[in-house]
Amino acid sequence: RYNLWDFKLILTQVFISLLWAFILIRTILSNTARDQITNAGLLIVVVILGLLIIRNVNKEIESRKNVEKLAEDLHKANIRLQELDRQKSEFVSIASHQLKSPLTAIKGYASLLLEGSFGALSVKAKEPTERIFESSVRLVNVIEDFLNITRIEQGRMKYDSQKVDILAMVRDIVRELAPTIERAGLKTTIVADKRKEYIVSADASKLRQVFSNLIDNAVKYTPKGMIDVELAKDDSARTITLCVRDT
């Protein structure tokens, strides 16, 4: 922070220079030839060691400068990546919103056609209409996933708590997936105690998304057999358990 590494190099050079000067003076002022030879040998060793120490300190300073430069470059790159990520999230959010409206309309009209609101459909027209409806449901769910991911990344995820009848919600989901279930040759049962109320305080749309994914996965990956959706209420623990079981 205070550029003390360069100061450290200067101190090292000054200290080693003083050490050299001290040993050199001792060599010159030696009284005997033996002392002169000993001091001269010591001076040579100290000179070599001093040069190595100065070189290592210099390398350390260079390495630190390189690390600081890399850290600065990395910081700039990180800021740039954060900006790109923000732009990506905004793009996904805008694109998803633009796609959701027409898909919801397609889903709604396909549902009305299947219910016979515009007149009875011929057997030939019923199957492709069912496929349009199923595909639009899946696409709406995928778009909702994208929107939720974007909201989470941007810290904008909000929950709208309200009273939700889980049993009514599960029945509605199973009814919505009925064309897919029938075409797959599967049977679905909903098991619940009709004497109890399955009311919770929760975000209806997000809870529906979770239940829909669980039931849809059971339908998608069950080649034949049954899919049981069971609701259990524990009044003492104040909990409601949803269990999706397939063969």
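**From a buried glutamate to a nonpolar surface patch**

Glutamate 130 lies in helix H3, which covers residues 123–153, and this helix makes a good starting point for a walk through the structure, which is a predicted model. Helix H3 is made up of 31 residues and spans 46 Å from its first C-alpha to its last, close to the 45 Å expected at 1.5 Å a residue. After H3 comes glycine 155, a residue with a positive phi, near 70°.

Within this helix, glutamate 130 deserves a second look, since its side chain carries a charge that counts as negative, and yet the residue is buried without a salt bridge. The nearest side chain of opposite charge belongs to lysine 126, at a distance of 4.2 Å, whereas a salt bridge here requires a side-chain nitrogen of Lys or Arg within 4 Å of a carboxyl oxygen of Asp or Glu. If neighbours within four places in sequence are set aside, the residues in contact with glutamate 130 are Leu114 and Pro179.

Another acidic residue, aspartate 234, is located in strand S4, which runs over residues 226–234. Because its relative accessible area is 35%, aspartate 234 is classed as partly exposed. Its C-alpha atom is separated by 14 Å from that of isoleucine 166, a residue 68 residues apart from it along the chain.

A further stop is helix H2, residues 33–115, where isoleucine 44 is found. This isoleucine 44 is described as exposed because its relative accessible area is 53%. Together with Val45, Ile48, Leu49, Leu52 and Ile53, Ile44 forms a nonpolar patch on the surface, and the accessible area of these residues together is about 530 Å².

Methods:
Residues are numbered from 1 along each chain as its sequence is written. This is a predicted model: local features need pLDDT of at least 70, side-chain atom pairs count only at pLDDT 80 or more; totals for chains, interfaces and linings use all residues. Side-chain values use heavy atoms; hydrogens and water are left out. Helices (H or I, at least four residues) and strands (E, at least two) are DSSP runs, numbered from the N terminus. Buried means under 20% relative accessible area, exposed over 50%, partly exposed in between (1.4 Å probe, protein chains only). Contact means heavy atoms within 4.5 Å. Patches are made of residues with over 30% relative accessible area and no salt bridge: like charges are joined within 9 Å, nonpolar side chains (Val, Leu, Ile, Met, Phe, Trp, Tyr) within 5 Å. Accessible areas come from the Shrake-Rupley method with a 1.4 Å probe; for residues, only the protein chains shown count as cover. The expected span of a helix is 1.5 Å times one less than its number of residues.
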